[in-house]
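Colleague: I am new to reading models like this one. Could we go through a few of the charged residues together?

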Amino acid sequence: MLDVRRLQVLRAVVTSGTVTAAAAHLGYTPSAVSQQVAALEREAGAKLLERVGRGVRPTAAGLLLTEHAELIGAAVARAESALADLRDGRTGRLSVRYFATVGSPLMAPALARLRDTHPDVRVELRLADREESVEAVVRGSADLAVVVQDRDPADPAVRLVRLLEDPYAAVLPASHPLAAEPVLDLARLSGERWVGSEPPGPCLAPVLDACATAGFSPEFVLQSEDYATAQGFVAAGLGIGLMPLLGLRNTHPGVVVREVRNPTPLRVISAVVRRVALAQPALRGLLDALRAVAAPGPPEAPGAERHH
């Protein structure tokens, strides 16, 4: 295999016309330049230079390799420039996992901020559940995952970055006796029939824990893992529910959304990243954007100030 550095030495000799001039340009001794050219000739199996007066000129083989050396030098320069852009966060690609309810209120504005600060960074987005998302980060197939989680993952190589708390609110039929009250103690919902909107896991756990603290266990009569469908069930008078505010940005006209307290269920939305990946400026830029969007605080309950 031809040595790339020796090719550049040959190019310097051919361009300058003498070994001495090439040595001065490269910062080598003339003897070192001659040795590099001789070694390249052995690699090439051909004579590369011939003497002409006090200088040298390339043979056909030498001219061929000089032309390729110029192309290789340009390619190496482009690679070094691209690497610097990647290292400084000006270019690159990020693979991100997220769940549906954070897409519009959190991911979209965060990506817009990232585009302003890192316009040439490409982001690959994919919807995934929490387990799949965290596993993708652990494996290295994703750079960041936005999940509902409030505890550090078991893997010490992975870091949890808290973004915001998403409180749950009561979703009631518009005709419900409690619909006129702007704030409800959670215990007042203990005798109700409930519409479930969360599968078992980190989104349902805050609801069950808060109800237990209020002294009851909710009676689920219907189950839907889709907030829009769950609101439809509530609007039809089939039950009431607790749903996170980020899932209630589009409310059904037949329901009212009311703040609950004593206690207020909360789910923690976090970003999961590999610790070693935090050295990437583009990833840090995305984290900064997510935190900036989340910084204003939890979303307000839609319809909390009005009756439907």
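Colleague: How many salt bridges does the structure hold?

Modeller: This is a predicted model, and it holds 10 salt bridges.

Colleague: What makes R57 and E50 a salt bridge?

Modeller: Their closest N and O atoms are 2.7 Å apart. The cut-off is 4 Å, so the pair counts.

Colleague: And why is R57 called partly exposed?

Modeller: R57 has a relative accessible area of 46%. Partly exposed lies between 20% and 50%, so the label fits. E50, at 33%, is partly exposed as well.

Colleague: How do you know that R274 and D143 form a salt bridge?

Modeller: Their closest N and O atoms are 4.0 Å apart, and the rule asks for a distance within 4 Å. This pair links distant parts of the chain: R274 sits in strand β12, D143 in the loop between α6 and β5, and 131 residues separate them.

Colleague: Why do R274 and D143 count as buried?

Modeller: Buried means under 20%. R274 has 17% relative accessibility and D143 has 11%, so both fall under that cut-off.

Colleague: Where is E198 found, and why does E198 have no salt bridge?

Modeller: E198 is in the loop between β8 and α7, and it is buried. The nearest side chain of opposite charge, R267, is 4.4 Å away. A salt bridge needs atoms within 4 Å, so R267 does not qualify.

Colleague: Which side chain joins E198 in a polar contact?

Modeller: That is Y227, with a polar contact of 2.5 Å between the two side chains. E198 also touches other residues, including Y168, Q223 and P244.

Terms used:
Residues are numbered from 1 along each chain as its sequence is written. This is a predicted model: local features need pLDDT of at least 70, side-chain atom pairs count only at pLDDT 80 or more; totals for chains, interfaces and linings use all residues. Side-chain values use heavy atoms; hydrogens and water are left out. Helices (H or I, at least four residues) and strands (E, at least two) are DSSP runs, numbered from the N terminus. Buried means under 20% relative accessible area, exposed over 50%, partly exposed in between (1.4 Å probe, protein chains only). Lys and Arg count as positive and Asp and Glu as negative; His and the chain ends are not counted. A polar contact is a pair of N or O atoms within 3.5 Å; within protein, one must be able to donate a hydrogen and the other to accept it, and residues adjacent in sequence count only if both atoms are side-chain atoms. Contact means heavy atoms within 4.5 Å. Lists of a residue's contacts leave out its neighbours within four places in sequence.
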